[in-house]
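Okay, everyone, thanks for coming. Let me put the model up and talk you through a couple of pieces of it.

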Amino acid sequence: MFRLFSNTKCFLQMKRALQRPLWPVRLPAVVQQNSFSIDSVHHQTQTVSSWPKDVGILALEVYFPSQYVDQVELEKYDGVEAGKYTVGLGQKQMGFCAAHEDINSLCLTVVQRLVERSHLSWDSIGRLEVGTETIIDKSKAVKTVLMQLFEDSGNTDIEGIDTTNACYGGTASLFNAADWVESSSWDGRYALVVCGDIAVYATGNARPTGGAGAVAMLVGPNAPLALERGLRGTHMEHVYDFYKPDLASEYPMVDGQLSIQCYFRSLDRCYATYRKKIESQWQKAGINKPCTLEDFQFMIFHTPFCKLVQKSLARMLLNDFLASPKPNTESGIYKGLKDFGNVKLEETYSSKEVDKAFQKASQELFRQKTQPSLFLSACNGNMYTPSVYGCLASLLAQFSAQQLAGSRIGVFSYGSGLAASMFSLKVSQDSALGSPLEKLVSSLSDLEARLESRICVPPEKFSEIMKLREDTHHLVDHTPHGSKDDLFPGTWYLEQVDDKNRRKYARKPV
């Protein structure tokens with residue numbers, strides 16, 4: 001936080017110091033030295049604090065593997081009933097990595113893509129934090145591997161490190177980046193948030209819920225997607241629903257039913273806290289109304305599998321229904337739900353009757369607010385930490401800047417173990433050609449074409465690749481299996497692991 005000063009002269013001296021970069025850097029137009037807004041605060045005597053305005057996401061880049069397995073074909077190969085993966089889970093395809101891609105290569109690729117496509121200078125970044133649960137070294141952070149991208153620029157003054165808790169690390173990193181920009185430590189440069197994971201499971205019914213990918217987000221002031229200040233609802237507790245105690249294996253220990261129950265419980269509590277905070281803000285502004293799903297133009301979720309997200313939106317409607325003092329069950333969205341007026345949230349986690357009724361009632365809300373965000377998840381699978389931000393990318397890729405302008409995007413992030421938060425992004429009103437919002441939306445317009453350019457791999461070959469990855473995961477002094485010819489142009493890959501377990505990376509030419 002900014003220090004508070006009791007006299008104007010002292011404040012002005014500090015204000016000038018904060019607005020001046022600590023060392024010469026070339027700042028792009030988005031980060032201007034005069035981008036601070038002034039708010040009044042009181043501490044003994046009246047003082048003034050500087051806040052950067054509309055801190056949030058300026059640019060976003062997505063990377064996913066160049067190969068996938070079709071879920072219909074995987075159903076046949078696994079000998080399960082038709083529709084178990086495609087209807088029961090809501091999945092169409094699943095991206096996966098061969099042994100020559102690891103968490104470091106995924107993050108190298110997505111960071112380089114974002115910086116190059118956004119025409120940034122490497123010295124304009126002052127903080128870089130990585131959210132991941134894919135651990136290949138118990139000491140050396142992925143962030144330190146990414147520092148090789150900055151070598152030519154000479155920029156080593158970059159704060160941040162890795163953050164880990166299942167699928168929540170990316171959200172924690174985003175919060176930390178925004179807090180840094182709004183703090184007295186900010187030197188005027190951008191923050192870069194990187195989320196990346198490789199989600200793989202042992203052979204069995206969990207394997208179809210895998211996936212892989214990475215997302216990079218540029219964070220700074222005057223953003224087209226601003227984090228709404230003071231609107232975070234968080235829930236954390238100790239539970240073993242999904243965890244990875246075997247450090248020699250990529251595979252997790254999973255209690256599927258418990259994990260879904262934890263997800264729903266976290267959603268209930270985060271939503272309740274978020275509503276309390278936004279309603280408090282509204283009351284101070286003279287607005288007396290309850291917060292409901294209608295206050296979000298879009299609602300996106302961490303997506304282990306797409307069907308769970310549909311159930312989650314229905315659960316938010318259940319929360320709205322139970323919080324309403326006199327819900328109209330004769331007409332409107334609550335029509336026919338009279339019998340559920342006295343249910344208790346904690347007793348409905350596994351209730352098929354409640355689930356079915358509220359999924360039906362929320363069907364149109366789901367189609368409007370959430371279904372477009374599942375485009376990447378349905379085609380690539382669960383990316384763990386980048387999952388909810390892949391949903392954000394999907395949303396931005398399927399709507400125009402004009403359609404998105406002024407909207408509120410609700411975000412629910414969940415990580416097993418557990419840590420969860422609900423927050424919201426406010427989209428800029430400015431959707432004009434060349435505006436930051438229009439540029440952000442345009443940068444993701446190739447998402448569908450990139451997905452269609454991937455290679456479809458038969459289930460038999462997919463299983464062979466997964467077995468080879470399992471057998472070679474911790475080998476030393478070897479060249480990982482996989483052809484760089486199968487990778488997208490510009491992709492980083494693991495070239496060699498030496499006899500001291502040091503990893504060397506190379507980049508496929510663009």
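Helix 2 (residues 71-78) lies across strand 4 and strand 5, at about 60° to strand 4. Axes here are lines fitted to C-alpha atoms, for helices over the stretch in contact, with angles from 0 to 180 degrees between N-to-C directions, and contact means heavy atoms within 4.5 Å. Helices (H or I, at least four residues) and strands (E, at least two) are DSSP runs, numbered from the N terminus.

Quick housekeeping: this is a predicted model, where local features need pLDDT of at least 70, side-chain atom pairs count only at pLDDT 80 or more, and totals for chains, interfaces and linings use all residues. Residues are numbered from 1 along each chain as its sequence is written, and side-chain values use heavy atoms, with hydrogens and water left out.

So, the sheet. It's open, has 3 strands in the order 5-4-16, and the pairing is mixed. Strands 5 and 16 are at the edges with a single partner strand each, so one side of each has no neighbour in the sheet. Pairing needs at least two DSSP bridges between two strands. Strand 4 (residues 67-70) runs antiparallel to strand 5 (residues 93-95), with 3 bridges: Val69 sits opposite Met94, and Asp70 partners Gln93. With strand 16 (residues 455-456) strand 4 runs parallel, through 2 bridges, and Gln67 faces Ile455 there.

Which way do the strand 4 residues point? Gln67 and Val69 go one way, Tyr68 and Asp70 the other, and all are buried, meaning under 20% relative accessible area with a 1.4 Å probe, protein chains only (exposed is over 50%, partly exposed in between).

Last one: helix 5 (residues 169-181) has 11 of its 13 residues buried, so the rest of the structure largely encloses it.
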